[in-house]
Amino acid sequence: MPSRYGSRQDLGQNFLVDPDIIKLIRRAPNERKVPSLIWRRRGHVTLPLSRLGRPVTAVELDPRRVKRLSARAPENVKVVGEDILRFRLPTVPHTVVGNIPFHVTTATMRRILVAPAWVSAVLVVQWEVARRRAGIGGCSLVTAESWPWFDFSVLKRVPRFAFRPAPSVDGGILVIERRPEPLVRERREYQAFVRQVFTGRGHGLREILQRIGRVQDSDLSAWFRAHGVSPQALPKDLTAEQWASLWGMARGGRSVPRTRRPRGLPPRTSRGPRRNSG
Ligand SMILES: C[S@@+](CC[C@H](N)C(=O)[O-])C[C@H]1O[C@@H](n2cnc3c(N)ncnc32)[C@H](O)[C@@H]1O
């Protein structure tokens with residue numbers, strides 16, 4: 001029966017039922033030795049997780065499930081009837097664990113990534129999201145933007161039949177670790193640069209970066225050689241460390257787009273960043 005918050009389907013109520021997957025999720029934060037935990041929602045994972053003996057906060061929007069879980073939860077579990085998109089994550093170190101309803105994956109992850117105190121996050125999300133976030137087969141713009149601060153990896157692909165009812169696609173266990181030392185200091189400038197490169201025109205990184213014009217050609221050639229990256233590679237092909245290193249080089253330069261040379265003009269001789277004359 002649908003509640004005023006929507007039907008089971010609207011709420012993304014696909015519960016994990018595969019014991020091996022649940023064991024894996026339960027162990028993930030344990031291995032990372034974090035002081036406290038946040039877990040969300042119904043009992044399938046919340047209760048096994050509560051056996052770690054640490055404080056657990058379960059966040060669930062559906063009041064019927066809040067009631068049921070509260071009745072079954074041991075003392076170390078606090079059940080909060082709230083929307084995860086409004087819930088304020090604690091300001092003390094903790095782990096976020098969640099089987100995220102697929103329809104709020106992006107919004108939930110966005111919220112988690114700006115919260116300041118969690119140490120690691122173990123999230124069940126759609127396989128495609130897990131794969132792209134962890135940079136398997138190429139990273140997404142959002143991953144590249146946050147990579148200097150977070151490390152993303154996939155613990156396991158979760159077949160859709162590990163859920164009940166089964167969703168239409170597989171899931172994946174995505175583990176996000178906050179890096180103790182960020183790879184980059186200038187968050188805004190770095191992120192603006194990454195967006196510029198991802199949306200820049202050109203056949204491959206070399207051409208894109210030449211058009212952006214922040215790095216001298218000779219430095220670019222040396223960088224491609226040193227990192228074993230093809231000049232024709234695409235922004236999605238770089239690793240976290242390569243993005244940070246590329247930014248380290250671009251940071252000193254100016255954002256001056258490469259202008260077209262009118263026909264007949266001799267080639268430039270200056271090795272410095274190109275400047276607009278007017
Ligand atoms: C994918 S199920 C996960 C359930 C359980 N943790 C498990 O794995 O078996 C998603 C749960 O989140 C709840 N939910 C949906 N939208 C929510 C929201 N915005 N805030 C908090 N909980 C939400 C649903 O009611 C459902 O119980």
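This tour walks through a predicted model, from a strand pair to a run of packed helices and one cis peptide bond.

Before you start, note that residues are numbered from 1 along each chain as its sequence is written, and that side-chain values use heavy atoms, with hydrogens and water left out. In this predicted model, local features need pLDDT of at least 70 and side-chain atom pairs count only at pLDDT 80 or more, while totals for chains, interfaces and linings use all residues.

**Stop 1: β3 and β4**

Select residues 56–59 and 77–80. These are strands β3 and β4, which run parallel and are joined by four bridges. Helices (H or I, at least four residues) and strands (E, at least two) are DSSP runs, numbered from the N terminus. Strands pair if DSSP finds at least two bridges between them. Pick V59: its bridge partner in β4 is V80. Now add residues 63–72, helix α3, through which the chain crosses from β3 to β4 in a right-handed β-α-β crossover. Right-handed here means that, with the strands pointing away from you, the path from the first strand over the helix to the second runs clockwise.

**Stop 2: α7 and α8**

Select residues 187–199 (α7) and 205–212 (α8). Their axes come within 9 Å and cross at roughly 120 degrees. Axes are lines fitted to C-alpha atoms, for helices over the stretch in contact, and angles run from 0 to 180 degrees between N-to-C directions. The two helices are therefore oblique to each other. Angles under 35 degrees count as roughly parallel, over 145 as roughly antiparallel, 65 to 115 as roughly perpendicular and the rest as oblique. Show side chains: F193, Q196 and V197 of α7 meet L205, I208, L209 and I212 of α8. Contact means heavy atoms within 4.5 Å.

**Stop 3: α8 and α9**

Keep α8 and add α9. This pair packs at about 150 degrees, with axes 11 Å apart. That makes α8 roughly antiparallel to α9. On α8, select L205, R206, L209 and Q210; they meet D217, L220, S221 and F224 on α9.

**Stop 4: α9 and α10**

Select residues 217–227 (α9) and 240–250 (α10). The angle is about 160 degrees, and the axes lie 11 Å apart. α9 is thus roughly antiparallel to α10. D219, L220, W223 and H227 of α9 make the contact with Q242, S245, L246 and M249 of α10.

**Stop 5: a cis bond**

Where does P165 sit? It is in the loop between β8 (163–164) and β9 (171–178). Zoom in on the peptide bond from R164 to P165: it is cis, with omega near -10 degrees.
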